[in-house]
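Student: Could we go through this model together? I'd like to start with the strands and then move on to the surface.

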Amino acid sequence: MSQANTLPQGGLKQWWLKWRFHLNILLILIPLGFMPKYFADASLFRGDSGLGANIVKDIQVGRWHLDLAELRDEPPRADGPAGDFKTFNAALCATCTEGVKAIYLRIGKPRSLRAAGTIFFGAPARMVTNLPIPPRTRPDADIWITVEGWDGKLYQASVPLAKASPATAAWLEKQGGNK
């Protein structure tokens, strides 16, 4: 039995015994480097730091006013076979939440309610949608906001894509005819 205690230790075991404390400290410090982005994103999702980037304020759609902003000031991201998407946030004004049944967002003017675009979801003070960017979108296109009221009427307004999302317009300009 005494021979088992006198066997020489391998190099890896000695290295581990010497450096395990330092490696454990490193495992704690690495996630701390990602904390500022985590807290910034959490604040954005809670609404504490506004709607996002490039806020277009006071867009009048019928009798309602809303603010529109892209979540992040970056080009659209490809989410698989569905194509490229851009996340937008919207907020109705505090006094004009009555009478709104649904709010839609689309690139290009909708032909009907069936083609109104993606629907916003969430509380009236912080709604979100993922807007698909069609393959042949021009950088000078407009984003159309459609509000459906409980009275059954549709109200529309448009905002230039370059104003609502300069990063997307620059990305489309760079894409050119490649899509």
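Student: What joins β7 to β8, and how do the two run?
Tutor: In this predicted model, strand β7, residues 121-123, is joined to β8 by 3 bridges, and the two strands run antiparallel. They form a hairpin with 2 residues between them, and one pair that can be picked out is A123 with its bridge partner R126 in β8.

Student: And which residues does β8 cover, and over how many bridges does it pair with β4?
Tutor: Strand β8 covers residues 126-133, and it pairs in the antiparallel sense with strand β4, residues 84-92, over 7 bridges. Within that pairing, F88 has T129 in β8 as its bridge partner.

Student: Okay, what holds paired strands together in general, again?
Tutor: Strands of a sheet pair through backbone hydrogen bonds, and the arrangement can be either parallel or antiparallel.

Student: Switching to the open sheet: in what order do its strands come?
Tutor: The order is β6-β5-β9-β10, so to speak from one edge to the other, with 4 strands forming the open sheet and antiparallel pairing. The edge strands are β6, at 118-119, and β10, at 154-160, each of which pairs on one side only.

Student: How many bridges join β9 to β10, and what stands opposite I143?
Tutor: Strand β9, which spans residues 142-149, is joined to β10 by 7 bridges, with the two strands running antiparallel, and I143 stands opposite V159 in β10.

Student: Now the surface. Which residues form the nonpolar patch?
Tutor: The patch is formed by F21, I25, I28, L29, L32, M35, Y38 and F39, which together have about 820 Å² of accessible area. Two elements, α2 (11-32) and α3 (35-46), each give two or more residues to the patch, and α2 gives the most, with 5 residues.

Student: Where is Y38, and why does it count as exposed?
Tutor: Y38 is found in helix α3, and it counts as exposed because its relative accessibility is 51%, where the cut-off for exposed is over 50%.

Student: Zooming out, how many helices and strands are there, and what share of the residues is buried?
Tutor: The protein has 5 helices and 10 strands, and buried residues make up 34% of its 179 residues. The protein exposes about 11,500 Å², of which carbon and sulfur atoms supply 59%.

Student: And the contacts, how far apart in sequence do they reach?
Tutor: Among contacts between residues at least 6 apart in sequence, 56% join residues that are at least 24 apart.

How values were computed: Residues are numbered from 1 along each chain as its sequence is written. This is a predicted model: local features need pLDDT of at least 70, side-chain atom pairs count only at pLDDT 80 or more; totals for chains, interfaces and linings use all residues. Side-chain values use heavy atoms; hydrogens and water are left out. Two strands pair if DSSP finds at least two bridges between them. Buried means under 20% relative accessible area, exposed over 50%, partly exposed in between (1.4 Å probe, protein chains only). Contact means heavy atoms within 4.5 Å. Accessible areas come from the Shrake-Rupley method with a 1.4 Å probe; for residues, only the protein chains shown count as cover. Patches are made of residues with over 30% relative accessible area and no salt bridge: like charges are joined within 9 Å, nonpolar side chains (Val, Leu, Ile, Met, Phe, Trp, Tyr) within 5 Å. A salt bridge is a side-chain nitrogen of Lys or Arg within 4 Å of a carboxyl oxygen of Asp or Glu.
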